Amino acid sequence: MIADRIRYLRNRQGLSQADLARLLNITRSSVNAWELGISMPSTASIIELTHIFHVSADYLLELEKNNRSPKDTLDLTEFSQEEKDLIFHLINYI
């Protein structure tokens with residue numbers, strides 16, 4: 001459930017519910033309701049959560065077929081194309 005993912009990712013980042021609420025500019029009770037499965041985050045909040053936790057929306061919403069953990073993914077947005085090519089080459093080599 002998304003509730004479990006949010007709780008897991010929040011704890012992994014060392015954030016309290018209040019901390020996460022401040023980052024999202026929402027109430028702590030909203031975060032609590034998400035984690036209890038009482039309500040769902042809005043689309044805008046899901047997008048913000050993906051940025052805060054450095055995960056894909058597919059992972060957060062449990063849409064990935066293999067349910068990889070965030071540790072199995074690598075955010076390459078800060079890398080140049082040359083660096084990305086090198087990383088892919090190394091991955092293929094391994």
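## Notebook: helix contacts and salt bridges

I started with one pair: Glu35 forms a salt bridge with Arg7, and their closest N and O atoms are 4.0 Å apart. Glu35 sits in helix 3 and Arg7 in helix 1, so this pair ties together parts that are 28 residues apart in sequence. A reminder to myself: I am working on a predicted model.

**Entry 1: the two ends of that pair.** I looked up how much of each residue is accessible. Glu35 is buried, with a relative accessible area of 4%. Arg7 is partly exposed, at 29%.

**Entry 2: a second partner for Glu35.** Glu35 also forms a salt bridge with Arg10, and here the closest N and O atoms are 2.5 Å apart. This pair again links distant parts of the chain, with Glu35 in helix 3 and Arg10 in helix 1, 25 residues apart. Are Glu35 and Arg10 buried or exposed? Both are buried. I then followed the shared partners, and the salt bridges join Asp4, Arg7, Arg10 and Glu35 into one network. As a general note, side chains of opposite charge can pair when their charged atoms come close.

**Entry 3: around Arg10.** I stayed on Arg10, which lies in helix 1. Its relative accessibility is 8%, and under 20% means buried, so Arg10 counts as buried. What does Arg10 touch, leaving out residues up to four places away in sequence? I found Leu15, Ser16, Gln17, Leu20, Glu35 and Phe53.

**Entry 4: helix 1 against helix 3.** Next I looked at the helices that carry these charges. Two packed helices are described by the angle between their axes and the distance between the axes. The axes of helix 1 (residues 2–12) and helix 3 (residues 28–36) come within 6 Å, crossing at roughly 120°. Angles of 65 to 115 degrees count as roughly perpendicular and those over 145 as roughly antiparallel, and helix 1 and helix 3 are therefore oblique to each other. Which residues meet there? From helix 1 I noted Ala3, Ile6, Arg7 and Arg10, and from helix 3 Trp34, Glu35 and Leu36. That contact divides into 4 nonpolar, no polar and 3 charged residues. I recognised Arg7, Arg10 and Glu35 in it from the salt bridges.

**Entry 5: what covers helix 3.** I checked which residues of helix 3 are buried, and found Val31, Ala33, Trp34 and Glu35. What covers them includes helix 1, helix 2 and helix 4. Just after helix 3 comes Gly37, with a positive phi near 80°.

**Entry 6: Asp19 and Val31.** I moved on to Asp19, which has its place in helix 2. Asp19 is partly exposed, with a relative accessible area of 25%. How far apart are Asp19 and Val31? They are 12 residues apart in sequence, and their C-alpha atoms are 9.9 Å apart in space.

**Entry 7: helix 2 against helix 4.** I looked up this crossing as well. The axes of helix 2 (residues 17–24) and helix 4 (residues 43–53) come within 10 Å and cross at roughly 115°. The crossing is right-handed. Leu20, Leu23 and Leu24 in helix 2 meet Ser45, Glu48, Leu49, Ile52 and Phe53 in helix 4. By class, I wrote down 6 nonpolar, 1 polar and 1 charged residues for this contact. Leu20 and Phe53 are names I had already met among the residues that Arg10 touches.

**Entry 8: another salt bridge.** How many salt bridges does the structure hold? It holds 5. One of them pairs Glu62 with Arg5, the closest N and O atoms being 3.8 Å apart. Glu62 lies in the loop between helix 5 (57–60) and helix 6 (81–93), and Arg5 in helix 1, so the pair ties together parts that are 57 residues apart in sequence. Glu62 is partly exposed, at 31% relative accessible area, whereas Arg5 is buried, at 11%.

**Entry 9: stepping back.** I finished with the protein chain as a whole. It has 6 helices and 0 strands, so to speak an α-α-α-α-α-α run from the N terminus on. Of its 94 residues, 31% are buried. Where contacts have a separation of 6 or more, residues 24 or more positions apart account for 51% of them.

Conventions: Residues are numbered from 1 along each chain as its sequence is written. This is a predicted model: local features need pLDDT of at least 70, side-chain atom pairs count only at pLDDT 80 or more; totals for chains, interfaces and linings use all residues. Side-chain values use heavy atoms; hydrogens and water are left out. Axes are lines fitted to C-alpha atoms, for helices over the stretch in contact, and angles run from 0 to 180 degrees between N-to-C directions. Helices (H or I, at least four residues) and strands (E, at least two) are DSSP runs, numbered from the N terminus. Angles under 35 degrees count as roughly parallel, over 145 as roughly antiparallel, 65 to 115 as roughly perpendicular and the rest as oblique. Contact means heavy atoms within 4.5 Å. Ala, Val, Leu, Ile, Met, Phe, Trp, Tyr, Cys and Pro count as nonpolar, Asp, Glu, Lys and Arg as charged, and the others, Gly among them, as polar. A crossing is left-handed if the near helix is turned anticlockwise from the far one by less than a right angle, and right-handed if clockwise. A salt bridge is a side-chain nitrogen of Lys or Arg within 4 Å of a carboxyl oxygen of Asp or Glu. Buried means under 20% relative accessible area, exposed over 50%, partly exposed in between (1.4 Å probe, protein chains only).
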